[in-house]
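Please look over the sequence and the structure below. Then follow the text with the model open.

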Amino acid sequence: MLDLAGELHRWSGLGRPFAVATVAATGGSAPRRPGAALAVDADGTAIGSVSGGCVEGAVYELCRQALSGEGPATALERFGYSDDDAFAVGLTCGGVIDVAIQRIDPAERPEVAAALAAAASGEAAALARVVAGPAELLGRALLIRPDGSRVGSLGDPVRDRTAAAEAAAMLAAGRSGTVGIGAEGSRCGVPLTLLVESSVPPPRMLVFGAIDFAAALVRAGRFLGYRVTVCDARAVFATAARFPEAEDVVVDWPHRYLDAEAAAGRLDARTAVCVLTHDAKFDVPLLDRALRLPLAYVGAMGSRRTHDHRSERLRAAGLPASALARLHSPIGLDLGGRTPEETALSIAAEIVASRHGATGRPLSETASAIHA
């Protein structure tokens, strides 16, 4: 649901009840991850998706029934491929998804309204909703913020503390999914299933080198959901007019800017660093620092000869071999492209592959599951 926070926050402000179907768990080759959602309002307007098309019609009808009262206000449904009838409602890709459906009236659910407001403004928050368990608890929700503050209740202080601890752990990891606790708040007793949805600020992409390739990479990064910053020590090139789609354009020495961002705690394990300057006086001190940080991706542009010379300088600077091995250089996948846009696509594809631990090879040449 928090994936759709922008529009649902608007609906909430208008007092519009809606039903939301959220992917709670997946198995096999499921097309969407936990947290993906489809929402429907009383007029029948639908936004979002839970399966990329496979079961949207059936989920849409369950949402309409939850809104009208013809179906339960809170339910947990499982969808999978039917071997007996290939045309039955299910996932023809062979996967299985559990979908939590709930009717939401913003006026009666201030914790949900607060969660939508936080997610819409880019704040970190987690929402824990009861999707399976005793009937009197179904639909109850609890909002947890990183500072430990809460909005709402699951009806019992011990249960709230247990749910808050589980949700805080998932929020810290940026994960969404289900977790089981006891209805009394312990690890035993009547089982209670919580759907925890985490909303975290978008990951950052730092592009160093205000060149034409950087402009294309900014667009690709924005498309992938990154907050993109361009940094270059040359003020004549690092201007907002040249990079209108960047979140920030910074004039500073790259290594100095990276140091400041790291010291301020604005980098994390999702951050991607792309070094496009291919100038040793900028690259070497920057990469020496970046490769020592727990970042998701560090890549550097340049020819193979440039890579060899750069690697020698980094080793001479004392960079450990284990850290140097994390460097993606020459940056990008082998797509054969030459234009800034083709190069940006190559870099973006490598970042995605690196994020998911994938090979970057054509799917037609692999035998493993598409969605591991």
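The paragraphs below go from the whole protein to its core, its helix pairs and a few single residues.

This is a predicted model. The protein has 10 helices and 16 strands. Its C-alpha atoms fill a box of roughly 65 × 50 × 40 Å, taken along the principal axes. Of its 372 residues, 45% count as buried. Take the contacts between residues at least 6 apart in sequence: 59% of them join residues at least 24 apart.

Start with the core. In soluble globular proteins, nonpolar side chains tend to be buried together. Here the largest nonpolar core has 26 residues. C274 and L276 have the most contacts inside this core. Five elements are listed as giving it two or more residues: β11, α5 (212-223), β12 (227-232), β14 and α10 (340-356). The largest share, 6 residues, comes from α5.

L276 deserves a closer look. Leave aside its neighbours within four places in sequence. L276 is then in contact with V207, F208, G209, I211, F213, A214, L217, M301, I331 and I347.

Two of the elements that feed the core also pack on each other. The angle between α5 and α10 is about 50°, and their axes are 8 Å apart. Oblique angles include those from 35 to 65 degrees, so α5 and α10 are oblique to each other. The crossing of α5 past α10 is right-handed. On the α5 side, the contact uses D212, F213, A216, L217, R219 and A220. They meet P340, E341, T343, A344, I347 and A348 in α10. The residues of this contact divide into 8 nonpolar, 1 polar and 3 charged.

Move on to α7, residues 280-290. Which of its residues are buried? They are F282, D283, V284, L286, L287, D288 and A290. Several elements help to cover them. Strands among these are β11 (204-208), β14 (272-275), β15 (297-300) and β16 (327-328). Helices among them are α6 (254-263) and α8 (304-316).

Of these, α6 can be followed in detail. It packs against α7 at an angle of about 20°, with the axes 8 Å apart. An angle under 35 degrees counts as roughly parallel, so α6 is roughly parallel to α7. P254, H255, L258 and D259 of α6 make the contact with F282, P285, L286, R289 and A290 of α7. Its residues divide into 6 nonpolar, 1 polar and 2 charged.

A third helix pair involves α1 (residues 5-13) and α3 (residues 110-120). They pack at an angle of about 135°, with their axes 8 Å apart. Angles over 145 degrees would count as roughly antiparallel. At about 135°, α1 and α3 are therefore oblique to each other. Here α1 passes α3 in a left-handed crossing. A5, G6, L8, H9 and S12 in α1 meet A113, L116, A117, A119 and A120 in α3. This contact has 7 nonpolar residues, 3 polar and no charged.

Now turn to backbone geometry. Most residues other than glycine have a negative phi, and most peptide bonds are trans. Two places depart from this pattern. The first is H278, in the loop between β14 and α7. Its phi is near 35°, a positive value in a residue other than glycine. Is H278 buried, exposed or partly exposed? Its relative accessible area is 45%. Partly exposed covers the range between 20% and 50%, so H278 is partly exposed. The second place is the peptide bond that joins S329 and P330. This bond is cis, with omega about -5°. P330 lies in the loop between β16 and α10.

Two further residues complete the tour. G71 lies in the loop between α2 (56-68) and β4 (74-80). Its relative accessible area is 18%. Buried means under 20%, so G71 is buried. Beyond its neighbours within four places in sequence, G71 is in contact with Q65 and A66. G71 and E61 are 10 residues apart in sequence. In space they are 9.7 Å apart, C-alpha to C-alpha.

T162 lies in helix α4, residues 157-173. T162 is buried as well, because its relative accessible area is 14%. Not counting residues up to four places away in sequence, T162 touches I181 and G185.

Definitions and conventions:
Residues numbered from 1 in each chain as written. Predicted model: local features only at pLDDT ≥ 70, side-chain atom pairs only at ≥ 80, totals over all residues. Heavy atoms only, no water. Buried < 20%, exposed > 50% of the residue type's maximum accessible area, 1.4 Å probe, protein only. Helix = DSSP H or I, 4+ residues; strand = E, 2+ residues; numbered from the N terminus. Contact = heavy atoms within 4.5 Å. Core = buried A, V, L, I, M, F, W, Y, C linked by side-chain atoms within 4.5 Å. Axes fitted to C-alpha atoms, helices over the stretch in contact; angles between N-to-C directions. Parallel < 35°, antiparallel > 145°, perpendicular 65-115°, else oblique. Left-handed = near helix turned anticlockwise from the far one by under 90°. Nonpolar A, V, L, I, M, F, W, Y, C, P; charged D, E, K, R; others polar.
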